[in-house]
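Here is a colleague's note, set out as numbered points for reading alongside the coordinates. The points go from single residues to pairings and packing, and end with the chain as a whole.

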Amino acid sequence: MTKPASDTRPFSAFEWMLALRYLRARRKEGFISVIAIFSFLGILLGVATLIIVMAVMNGFRQELFDKILGLDGHVVVIRLDTADFPDYEEIGAKLATAPTVTRVFPLIERQVIVSTPVQAVGAKVRGISEHDLKALPLIAKGIKAGSLDGFDSQGGIALGVGFKRPLGIDIGSTVTLISPRGRTPSGAPPRMKSYKVTALFEMGMSEFDRSMVFMPLAEAQRFFDKGPAVDVLDVIVDDPEQVTSSVAAMRKIGVPSLRFVEWRERSASFFAVLQMQRNMMFLILSIIVVVAAFNIVSGLVMLVKDKGREIGILRTMGATQGAIMRVFLITGASTGIVGTLAGCLLAVPFCWWIDEIRRAVAYVTGAVVFNPEIYYLPKMPAELDWQTTGVIIAMSLLLSVLATLYPSWRASRLDPVEALRYE
C-alpha cells in the first residue's frame, strides 16, 4: 500500500528553491518576466512616491505650525466687558500661576501703512516689550541686521526682511507709520509718525517677513492712544497639543469676563485644509500600489498557466497542495516585498536631501521648482513620520501578499491528471 504524501515543512528550502527558480524566467517565458519587472517597478515607485509626498506634507504642516505658533501665543486672551486691558499686569500675573503656563505677555496689534519715499505698503504692527520679544525664538534667533538690545528705550522699530527691497530700507533708515484710526474732536485723520529701523529679522516665512513690524509696547500705547492699556494677552503653554487643559486651568483662576481663544480655533480652517490634502494625497497615490499589485496577480496567473506541466509532475512525485501554494505565494510576494523595501530605501535619502535635489533640478531645467513667495517658506520641507512610513510599508506588503493568494490557490488545486493528459 502506498503511503500518502505528507506536506513539507512550511517555507522549507525546497519551496524557496522552486520559487526562486520560477522567478528566473527562461527565454520563452520572457513576457512573464517583463510583467514581473513592471510589477516590481510599480511597487517601488508607488511606495517611494507615497513616502516622499507624505514627508513633504508633514514637513509643510510642521514648518507652518512652528512659524505660526512661534509668532502667536498658544492662547489669546480677550476682555469681554471692555475693549482693552487697563489692568493687564494684574490679570497676566494671575494667569501665569496656572499649571503648564510658561509665559503671559501683553500685546497691542494694529494695521498700519509703512511709507518711505520709494513706496508705501500695508503692515501689521505689534507693540511688545523688549523682554517678551526676545523670548520669542523665531524673532530673537532670526535677527539679520541690527539688534534688539535697548529695543524699549531707543525709540526704533524692527521690520521683516521682506520690507527691505520694496521700501528700499536698511538699518538706520527712517520709515513713516500711518494709522487710519486717529482721534480728534473734528474727526479721525490718519495718525503719522516717523521711526528709525533698528533691526531686520527673518522668520523663514515670507508672508510674515513682508508684513510684520514690532514696536516697543510703551511707544505703541502712545502711538495708538491706548493709555496704560493693551489689546490682548498672549499665553504660551508647555505643550500646544494639550492647550485645552491649560485653558481649563486658567478658567478656574476665576478672572471674570475673559475669553480664551486657542490656536486651533484661530487656525482651524488652515490646519483642516492641510490635513484634508494630506489624506487625499495618501488615498490617490495608494492607487499606484494597488495597480502594481494587480500586475502581480496577472503575472502570477500567467506563470501558473505556463507551469501547469511542472505542477502536475510535482504533484505526482508527492508534492502536496500546501507546498505548491506556498511556492507560488513566495514567487509572487517576493516581487512586492523586494519592491517595497527598494522603494523605502529610495525614498528615505530622497527626503533627507530633497532641497538639494530641488535646487539641482532648478539649475538644470532653469525652472522655479519651489517658489517661496507662493509657499511662504524659504526651502522645501520634508519630515519623515516613521509611523506613517510604517503604515505605507505595511499596506504595500499586505497588498503584495494578498495579490498572490488567488493565483497560488488555483495552482494548488490544479489536477495533475488534467495537467499531464496531453503531454
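1. A residue counts as buried under 20% relative accessible area and as exposed over 50%, with partly exposed in between. Lys94 has a relative accessibility of 38%, and is therefore classed as partly exposed. It should be kept in mind throughout that the model is a predicted one.

2. Lys94 belongs to helix 3, and its contacts reach a remote part of the sequence: once neighbours within four places are set aside, Lys94 is in contact with Ile253 and Val255. Lys94 and Val255 are 161 residues apart along the chain, yet their C-alpha atoms are separated by 8.1 Å.

3. Another lysine that merits a look is Lys196, which is part of strand 7. Its relative accessible area is 48%, so Lys196 is partly exposed, given that the exposed class begins only over 50%. Apart from neighbours within four places in sequence, Lys196 makes contact with Gly156, Ile157, Gly172, Ser173 and Thr174. For Ser173, which is 23 residues from Lys196 along the chain, the separation between the two C-alpha atoms is 5.7 Å.

4. Strand 7 itself deserves a point of its own, beginning with its antiparallel pairings. Strand 7, covering residues 191-201, pairs with strand 4, residues 143-146, in the antiparallel sense over three bridges, and within that pairing Ile143 has Phe201 as its bridge partner. Strand 6, residues 174-179, also runs antiparallel to strand 7, to which it is joined by six bridges; here Ser179 is found opposite Arg191 of strand 7.

5. In which sense do strand 5 and strand 7 pair? Strand 5, made up of residues 157-160, pairs with strand 7 in the parallel sense, over four bridges. In strand 7, Phe201 is the residue that Gly160 stands opposite, and Phe201 is also the bridge partner of Ile143. As background for anyone inspecting this region, in a regular strand the side chains alternate between the two faces of the sheet.

6. Two loop residues call for a check of their backbone geometry. Most residues other than glycine have a negative phi, so positive values are worth listing individually. Thr100 has a phi near 70°, which is positive although the residue is not glycine; Thr100 sits in the loop between helix 3 (88-95) and strand 2 (101-115), and with a relative accessible area of 35% it is partly exposed. Asp225 likewise has a positive phi, near 55°, and is placed in the loop that runs between helix 8 (217-223) and strand 9 (232-237). With 37% relative accessibility, Asp225 counts as partly exposed.

7. Turning to helix packing, helix 11 (residues 268-306) and helix 16 (residues 386-412) have axes 9 Å apart and pack at an angle of about 25°. The two are therefore roughly parallel, since that description applies to angles under 35 degrees. The crossing of helix 11 past helix 16 is right-handed. Residues on the helix 11 side of the contact include Arg278, Phe282, Val289, Ile296 and Val304, while those on the helix 16 side include Thr388, Ile392, Met395, Leu399 and Ala411. Sorted by class, the residues of this contact comprise 16 nonpolar, six polar and one charged.

8. How do helix 13 and helix 14 cross? The axes of helix 13, residues 321-352, and helix 14, residues 354-365, come within 4 Å and cross at roughly 80°, and so helix 13 is roughly perpendicular to helix 14. Phe350, Cys351 and Trp352 of helix 13 make the contact with Ile354, Glu356 and Ile357 of helix 14. Of the residues in this contact, five are nonpolar, none is polar and one is charged.

9. For the chain as a whole, the protein has 17 helices and 10 strands. It has 423 residues, of which 46% count as buried, the cut-off for that class being under 20% relative accessible area. When contacts between residues at least 6 apart in sequence are considered, 78% of them join residues at least 24 apart. The contact of Lys94 with Val255, two residues that lie 161 apart along the chain, may serve as one example of a contact across such a separation.

Terms used:
Residues numbered from 1 in each chain as written. Heavy atoms only, no water. Pairing = 2+ DSSP bridges. Axes fitted to C-alpha atoms, helices over the stretch in contact; angles between N-to-C directions. Parallel < 35°, antiparallel > 145°, perpendicular 65-115°, else oblique. Left-handed = near helix turned anticlockwise from the far one by under 90°. Contact = heavy atoms within 4.5 Å. Nonpolar A, V, L, I, M, F, W, Y, C, P; charged D, E, K, R; others polar. Buried < 20%, exposed > 50% of the residue type's maximum accessible area, 1.4 Å probe, protein only.
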